[in-house]
Amino acid sequence: MSRLGKLLAGWTFRTATPTFEPGEAITAYVSERNGDGLTVRIGDSVIRVEDGEDAAVEDKIRLEVTSFDATNHVGTGEVVEVLGPDA
């Protein structure tokens, strides 16, 4: 392995549009709340949550992804736990 290869070993770049698998649990902040529920944005990917009555904008929540369209980077999820704004 070259010196450059050793230097860059393990380095990865994050994408602006991460993808998720159904059943995957993630932690994120609520970015919007409206009559349809909550919107959570991770980069440019959006996950909509219908339940989540106890969560407010800027609350950190743990959610389980129920579906995700990798083409449009949009999915749905369910709140597992509301961690609060200071979590």
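**Histidine 73 counts as buried, at 19% relative accessibility.** Buried means under 20% relative accessible area, exposed means over 50%, and partly exposed lies in between (1.4 Å probe, protein chains only). The model is predicted: local features need pLDDT of at least 70, side-chain atom pairs need 80 or more, and totals for chains, interfaces and linings use all residues. Residues are numbered from 1 along each chain as its sequence is written, and side-chain values use heavy atoms, without hydrogens and water. Histidine 73 sits in the loop between β4 and β5. Strands are DSSP runs of E, at least two residues long, numbered from the N terminus. Phi of histidine 73 is near 60°, a positive value in a residue other than glycine. The loop is the turn of a hairpin, with four residues between β4 and β5.

**Glutamate 58 counts as exposed, at 58% relative accessibility.** Look for glutamate 58 in the loop between β3 and β4. Its phi is positive too, at about 75°. Glutamate 58 is not a glycine.

**Five strands close into a barrel.** Follow them in the order β1-β2-β3-β5-β4. The pairing around the barrel is mixed. Two strands pair if DSSP finds at least two bridges between them. β2 with β3 is an antiparallel pair, held over five bridges. β3 and β5 run parallel, and four bridges join them. β4 and β5 are antiparallel again, over nine bridges. Strand β4 covers residues 60-69. One bridge to find between β4 and β5 links arginine 62 with glutamate 81 of β5.

**β2 and β3 form a hairpin.** Two residues lie between the strands. Glycine 43 is in this turn, where its phi is positive, at about 65°. Isoleucine 42 stands opposite serine 45 of β3. Further along the pair, threonine 39 has arginine 48 of β3 as its bridge partner. How much of β3 is buried? Four of its five residues are, and the strand is mostly covered.

**Threonine 39 belongs to strand β2.** The residue is buried, with a relative accessible area of 6%. Contact here means heavy atoms within 4.5 Å. Leaving aside neighbours within four places in sequence, threonine 39 touches five residues by name: Val30, Ser31, Glu32, Val46 and Ile47 are in contact with it. Its bridge partner in β3 is arginine 48. In a regular strand, side chains alternate between the two faces of the sheet.

**Glycine 75 belongs to strand β5.** Buried or exposed? At 5% relative accessibility, glycine 75 counts as buried. Again leaving aside neighbours within four places in sequence, its contacts are Val46, Ile47, Arg48, Ser67 and Phe68. One of them, isoleucine 47, is also joined to glycine 75 as a bridge partner. Arginine 48 stands opposite threonine 76 in β5. Alanine 16 gives a longer view along the chain: 59 residues separate it from glycine 75. The C-alpha atoms of these two residues are 15 Å apart.

**The largest pocket holds about 180 Å³ of space.** Pockets are open sets of points on a 1 Å grid where a 1.4 Å probe fits, with protein on both sides within 12 Å along at least five of seven lines. Volume is the space filled by probe spheres set on the points. Which residues lie nearest the centre of the largest pocket? They are Asp36, Leu38, Arg48, Val49 and Glu50. Arg48 also takes part in strand pairing, as the bridge partner of threonine 39.

**The largest pocket is lined by 14 residues.** Lining residues have an atom within 4 Å of a point. Four strands supply at least two of them each: β1 (25-34), β2 (37-42), β3 (45-49) and β5 (74-84). β2 gives the most, with four residues. By class, two lining residues are nonpolar, six polar and six charged. Asp, Glu, Lys and Arg count as charged; Ala, Val, Leu, Ile, Met, Phe, Trp, Tyr, Cys and Pro as nonpolar; the others, Gly among them, as polar.
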